[in-house]
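Reader: I should like to examine the reasoning behind the terms applied to this model. Please set each term against its criterion.

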Amino acid sequence: MSTPIAFLKGHGTENDFVIVPDPENAVALTPAAVAVLCDRRAGIGGDGLLHVVRSAAHPEAAHLAAEAEWFMDYRNGDGSVAEMCGNGVRVFARYLQRAGHVGEGDLAIATRGGVKTVHLAKNGDVTVGMGRAKLPEGDVTVRVGERGWPARNVNMGNPHAVAFVQDLAHAGDLRTAPQYAPEAAYPDGVNVEFVVDRGPGHVALRVHERGSGETRSCGTGACAVAVAAARRDGADPAVTGTPVTYTVDVPGGTLVITERPDGEIEMTGPAVIVAEGVIDAEWLSAALG
């Protein structure tokens, strides 16, 4: 990397991201480079990185170019690749709006978890069509220290284990990944949500995201929690024909999740760009050794 690289910084309910605009997929973002950029002390800092690429220019998304012009090449903070990030999609859409690529209204964004529909509202909120949840069969448990809980296995394009607890403090510091069993349920690792009730249709969570540790928010996790809470509460929109909405408090704010009778899940929340600048190429080269 011999030339400076433009970047922005943004967050969705304090789930924060380094944004690298690269329409033609010309920037070689190795896992090591992503990890350095996301380092909170030695780099820019972020839970993950949003690589903004035109779908037609990326080999993983070229087949989606007719459906969505832009591809969210999402990376976790440790440099690993992830299928989807709900808060990241909202921030990605906000960047596209800021850059003048899109305006208010509807757009489609390609991800490794499929094409997501997004609505940019006049009031600043962003709604993302998160697709349908899958509920794999089989018992799952999660454990932190001496405590263990049954968990609901929910897949939102990425895997989640949702555990309802009496106190969010029981999740511990979440700097290390909670244990889970059976290992075969999550061969590629799992995001673990710990959930308490706040009232009817209202829950709060803490989350450990694989590859990132505890984060201030997780959009796919909030969706997984809403689905798990609905089933626990005896609500299934596909059966009743009535949408179900949950308010989900995350450490960084609040998200509103609605599951429709057709199974589609919509997530609404804020998305903010806080800064932009240039990555120093010499620093990055030196940091990579």
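The exchange below takes up the overall form, the strands and helix, the backbone, and the spaces within the fold.

Author: It should be said at the outset that the model is predicted.

Reader: What makes the radius of gyration of the protein chain agree with that of a compact globule?

Author: For 289 residues the globule rule gives a value near 19 Å, and the protein chain has 18 Å; the two therefore agree. Along the principal axes, the C-alpha atoms occupy a box of roughly 55 × 40 × 30 Å. The chain contains five helices and 18 strands. Of its residues, 49% count as buried. Among contacts with a separation of 6 or more, 61% join residues 24 or more positions apart.

Reader: Why is β4 called mostly covered?

Author: The term buried requires under 20% relative accessible area, and seven of the seven residues of β4 are buried. Trp70, Met72, Tyr74 and Asn76 point one way, whereas Phe71, Asp73 and Arg75 point the other way, and all are buried. In a regular strand, side chains alternate between the two faces of the sheet.

Reader: How do you know that β4 pairs with β3 and with β5, and in which sense does each pair run?

Author: Pairing requires at least two bridges between the strands. Seven bridges join β3 to β4, and these strands run antiparallel; within this pairing, Val52 has Met72 of β4 as its bridge partner. Between β4 and β5 (residues 105–111) there are two bridges, in the parallel sense. Here Phe71 has Ala110 of β5 as its bridge partner. Each pairing thus satisfies the criterion of at least two bridges.

Reader: Which residues of helix α1 are buried, and what covers them?

Author: In α1 (residues 31–38), the buried residues are Ala33, Val34, Val36, Leu37 and Cys38. Their cover includes the strands β2 (15–21), β3 (48–54), β4 (70–76) and β18 (272–279), together with the helix α5 (281–287).

Reader: Why is Gly277 called partly exposed?

Author: The partly exposed class lies between under 20%, which is buried, and over 50%, which is exposed. Gly277 has 25% relative accessibility and therefore counts as partly exposed. Gly277 belongs to strand β18. Its contacts, leaving aside neighbours within four places in sequence, are with Ile5, Ala6 and Phe7. Gly277 and Lys9 are 268 residues apart in sequence, and their C-alpha atoms are 8.7 Å apart in space.

Reader: What is notable about the phi of Thr13 and of Leu174, and why are these residues called buried?

Author: Most residues other than glycine have a negative phi. The phi of Thr13 is positive, near 45°, and that of Leu174 is positive, about 60°. Thr13 lies in the loop between β1 (5–12) and β2, and Leu174 in the loop between β10 (159–164) and β11. The cut-off for buried is under 20%. Thr13 has 3% relative accessibility and so counts as buried; Leu174 has 2% and so counts as buried.

Reader: Where is the cis peptide bond that involves Pro182, and what is its omega?

Author: The cis bond joins Ala181 and Pro182, with omega about -5°. Pro182 is placed in the loop between β11 (179–181) and β12 (191–199). Most peptide bonds are trans.

Reader: What makes a space a cavity here, and how many of 30 Å³ or more does the structure hold?

Author: In a cavity a 1.4 Å probe fits but cannot get out. The structure holds one cavity of 30 Å³ or more, and the largest cavity contains about 80 Å³ of space. Its lining includes Tyr74 and Asn76, as well as Glu209 and Arg210. The lining divides into five nonpolar, four polar and three charged residues.

Reader: What distinguishes a pocket from a cavity, and which elements give two or more residues to the lining of the largest pocket?

Author: A pocket is an open set of points, whereas from a cavity the probe cannot get out. The largest pocket has a volume of about 180 Å³. The elements giving two or more residues to its lining are α1 and β14 (213–215). Among the lining residues are Ala35, Cys38, Gly213 and Glu214. The lining of this pocket divides into two nonpolar, five polar and five charged residues.

Technical notes
Residues are numbered from 1 along each chain as its sequence is written. This is a predicted model: local features need pLDDT of at least 70, side-chain atom pairs count only at pLDDT 80 or more; totals for chains, interfaces and linings use all residues. Side-chain values use heavy atoms; hydrogens and water are left out. Buried means under 20% relative accessible area, exposed over 50%, partly exposed in between (1.4 Å probe, protein chains only). Helices (H or I, at least four residues) and strands (E, at least two) are DSSP runs, numbered from the N terminus. Contact means heavy atoms within 4.5 Å. On a 1 Å grid over the protein atoms alone, a cavity is a set of points where a 1.4 Å probe fits but cannot get out, and a pocket is an open set with protein on both sides within 12 Å along at least five of seven lines; lining residues have an atom within 4 Å of a point. Grid points are joined across faces, edges and corners, and a volume is the space filled by probe spheres set on the points. Ala, Val, Leu, Ile, Met, Phe, Trp, Tyr, Cys and Pro count as nonpolar, Asp, Glu, Lys and Arg as charged, and the others, Gly among them, as polar. The radius of gyration is taken over C-alpha atoms; the globule rule is 2.2 Å times the number of residues to the power 0.38.
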